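Student: Can we go through some of the labels people put on a model like this one? I'd like to see what sits behind each of them.

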Amino acid sequence: MAGLDYTTRDKVLWGALAALCLASAAAYVFWALPAMPETVPTHWGVDGTADGWSDKGSTIFMGALMPLLMLALLFAVPYLDPRGESFNRFKGIYQGFSVAFTVFMVAVGWLTPATALGVLPTAGSSFVNIIVFGFLGLLFVGLGVAMPHIEPNYTFGVRLPWTLADPENWRRTHRFAGPVFVVMGVVTLASALLASAAPELTLTVLLVALLGGVALVTLYSFLLWKRVIR
């Protein structure tokens, strides 16, 4: 079966991530859930203010199960991808992404208990923005640096019909996408600091940067395919 060739160090890494998710889930179910009030915040606006509330029992999926499910999916992707063997050529990048995303999912899962139990305020908490926008910004910057080193596959990278059909298009598209993603990341990081003060402006700038960046990379790759760009 195609997939990653795991060394002992790799197995320890994935085992540690699984242990983190399991420990977080156990703490959520056996400590946080009984301690929280019946109605808890489950959604926050751009300015970090809680604006959605639900019964605490409904938070078990996001708080306890979602990190485990996402980790299982990340582990399985190289085995499910028809070009899974290519993950071995950028294994460090993929595993680094998996670590960052898993830690992020665990942190997001604990936003509800932290707010419900008074650790974070329900209104205008900059910490929520820092967690969400800060992570996304760092993720985009990291992906931008890594983009030129990602090998062709069907699940990780700029997956377009023409990048998947042409290795040269894949290579040039990812080389072009690198700086674009870094810029997207810097804009997102700035949003983490500005969201509480100017939420509407922040959301507009963020959407323009992210959607514009994705559109620019897609257009570049398409023009390569049409041979408009040589």
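Tutor: Sure. A helix here is a DSSP run of H or I with at least four residues, numbered from the N terminus. The model is a predicted one, and His174 sits in helix H7 (residues 167–194).

Student: Why is His174 called buried or exposed, whichever it is?

Tutor: Buried means under 20% relative accessible area. His174 comes in at 1%, so it counts as buried.

Student: What makes the polar contacts of the His174 side chain count as such?

Tutor: The cut-off for a pair of N or O atoms is 3.5 Å. A polar atom of that side chain lies 3.0 Å from the backbone nitrogen of Val158, and there's a 2.8 Å distance to the backbone oxygen of Trp170. Leaving aside neighbours within four places in sequence, His174 also touches residues including Met147, Pro148 and Ile150.

Student: How do you know how H1 runs relative to H3?

Tutor: Helix H1 (residues 8–35) and helix H3 (residues 91–109) pack at about 10 degrees, axes 11 Å apart. Angles under 35 degrees count as roughly parallel, so H1 is roughly parallel to H3. Among the residues making the contact are Leu13, Trp14 and Leu17 of H1, and Tyr94, Val99 and Val103 of H3. The contact residues split into 10 nonpolar, five polar and two charged.

Student: And how do you know whether the span of H8 agrees with expectation?

Tutor: Helix H8 (residues 199–225) has 27 residues, so at 1.5 Å a residue it should span 39 Å; the end C-alpha atoms are 39 Å apart, which agrees. Its buried residues include Leu206, Gly213 and Tyr220. After H8 comes Arg227, with a positive phi near 65 degrees.

Definitions and conventions
Residues numbered from 1 in each chain as written. Predicted model: local features only at pLDDT ≥ 70, side-chain atom pairs only at ≥ 80, totals over all residues. Heavy atoms only, no water. Axes fitted to C-alpha atoms, helices over the stretch in contact; angles between N-to-C directions. Helix = DSSP H or I, 4+ residues; strand = E, 2+ residues; numbered from the N terminus. Parallel < 35°, antiparallel > 145°, perpendicular 65-115°, else oblique. Contact = heavy atoms within 4.5 Å. Nonpolar A, V, L, I, M, F, W, Y, C, P; charged D, E, K, R; others polar. Expected span 1.5 Å × (residues − 1). Buried < 20%, exposed > 50% of the residue type's maximum accessible area, 1.4 Å probe, protein only. Polar contact = N/O pair within 3.5 Å; in protein donor to acceptor, adjacent residues only side chain to side chain.
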